[in-house]
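Me: Please take a close look at one part of this model. Pick a single strand, work outward from it, and keep it brisk.

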Amino acid sequence: MANPDVHVESLGAPMANPDKHAEGMMGEHAEKEYADFEARVKRTIYIDHLSPVVTRQVIRAALSQCAHVVSVEFVENYTIPYDIPAAALVELDDESQARSAVDLMRDFPFIIGGMPRPVRASLARPEMFPDRPSPPGSKMEFLWLKQGDPEYDGMSKLKSLAKRQEAENMALIKNILEEEKELAAQQQIMLDANYYKYDLLENIVQNGTVKNLAGHYRVNLFDG
């Protein structure tokens, strides 16, 4: 007769630790996410010195001759109180297109609104992306500083430097806006001049002046 005080345990494989399994799944997800991000970085270019009035459509059109634009994200400048698109991250179809676009913009002027712009282009780097994921296995640590700590003086200097940079950026932005206003005026003058020429040509065709001149100089307008 079996002893009721004796407990018999069945033999079998040890149960897996659910916490370790979850950590493994999260680790694989983080690795895939970062691998996808690195691939996106390689097919993205960084362009700056843009016009303050540039749009995503303008950038797409300017790059259409050498690449297919997937997305355009303007890089915000948090040191100024203006929402001015001075730089952008432009994702293309692949790494080859990204390199070709950078080479093209180094050799030829970047045309915006019919006028060349001193735009600089380079291949993107991970630290340029505000939404970049953390590398797998990395940890973020925070440290509160108080006066007297060894790092406190360094942070104070960085804060002062940031304020000075903000003032310099404001002066630079004002200068850029003035230059942009002047450039816009020049573009309008060119557009008005071209419109006048085309309007003049259309008028002399419509009123018969071209036909009369052709007859006077014995020119056949229909010669191929």
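Reply:
**Strand 1 and its surroundings**

R120 is partly exposed, with a relative accessible area of 49%. Here buried means under 20% relative accessible area, exposed means over 50%, and partly exposed lies in between (1.4 Å probe, protein chains only). The model is predicted: local features need pLDDT of at least 70, side-chain atom pairs count only at pLDDT 80 or more, and totals for chains, interfaces and linings use all residues. Residues are numbered from 1 along each chain as its sequence is written, and side-chain values use heavy atoms, with hydrogens and water left out.

The side chain of R120 meets that of D48 in a salt bridge, 2.9 Å from N to O. A salt bridge is a side-chain nitrogen of Lys or Arg within 4 Å of a carboxyl oxygen of Asp or Glu. R120 sits in strand 6 and D48 in strand 1, so the contact ties together parts that are 72 residues apart in sequence. D48 itself counts as buried, at 10% relative accessibility. The salt bridge thus joins a partly exposed arginine to a buried aspartate.

That leads to strand 1, the part to examine. Strand 1 covers residues 44-48, and 5 of its 5 residues are buried, so the rest of the structure largely encloses it. Strands (E, at least two residues) and helices (H or I, at least four) are DSSP runs, numbered from the N terminus. In a regular strand, side chains alternate between the two faces of the sheet. For strand 1, T44, Y46 and D48 point one way. I45 and I47 point the other way. Both groups are buried.

Now the sheet. Four strands form an open sheet in the order 2-3-1-6, with antiparallel pairing. Two strands pair if DSSP finds at least two bridges between them. Strand 2 (69-74) and strand 6 (120-123) are the edges; each pairs on one side only. The twist from one strand to the next averages 25 degrees; axes are lines fitted to C-alpha atoms, for helices over the stretch in contact, and angles run from 0 to 180 degrees between N-to-C directions.

Strand 1 has a partner on either side in that order. Strands of a sheet pair through backbone hydrogen bonds, either parallel or antiparallel. With strand 3, strand 1 pairs in the antiparallel sense over 5 bridges. There, T44 has E91 as its bridge partner. With strand 6, strand 1 runs antiparallel and shares 4 bridges. On that side, I47 is matched with A121. One step further out, strand 3 (residues 87-92) and strand 2 are antiparallel over 5 bridges. V69 and L92 are bridge partners there.

E91 has a second role. Besides its backbone pairing with T44, E91 forms a salt bridge with R43, whose closest N and O atoms are 2.8 Å apart. R43 lies in the loop between helix 1 (18-42) and strand 1, while E91 is in strand 3, so this pair ties together parts that are 48 residues apart in sequence. R43 is partly exposed, with a relative accessible area of 24%. E91 counts as buried, at 11% relative accessibility.

What follows strand 1? H49 lies in the loop between strand 1 and helix 2 (56-63). Its phi is near 60 degrees, a positive value in a residue other than glycine. H49 is partly exposed, with a relative accessible area of 40%.

For scale, a search of the whole structure finds 6 salt bridges. Among them is a local one: E95 with R99, closest N and O atoms 3.2 Å apart. Both residues belong to helix 3 (residues 95-107), 4 residues apart, about one turn of the helix. E95 counts as partly exposed at 35% relative accessibility, and R99 is partly exposed at 43% relative accessible area.

Zooming out, the chain has 5 helices and 6 strands. Along the sequence they follow the pattern α-β-α-β-β-α-β-β-β-α-α. Of the 224 residues, 23% are buried. In strand 1, 5 of the 5 residues are.
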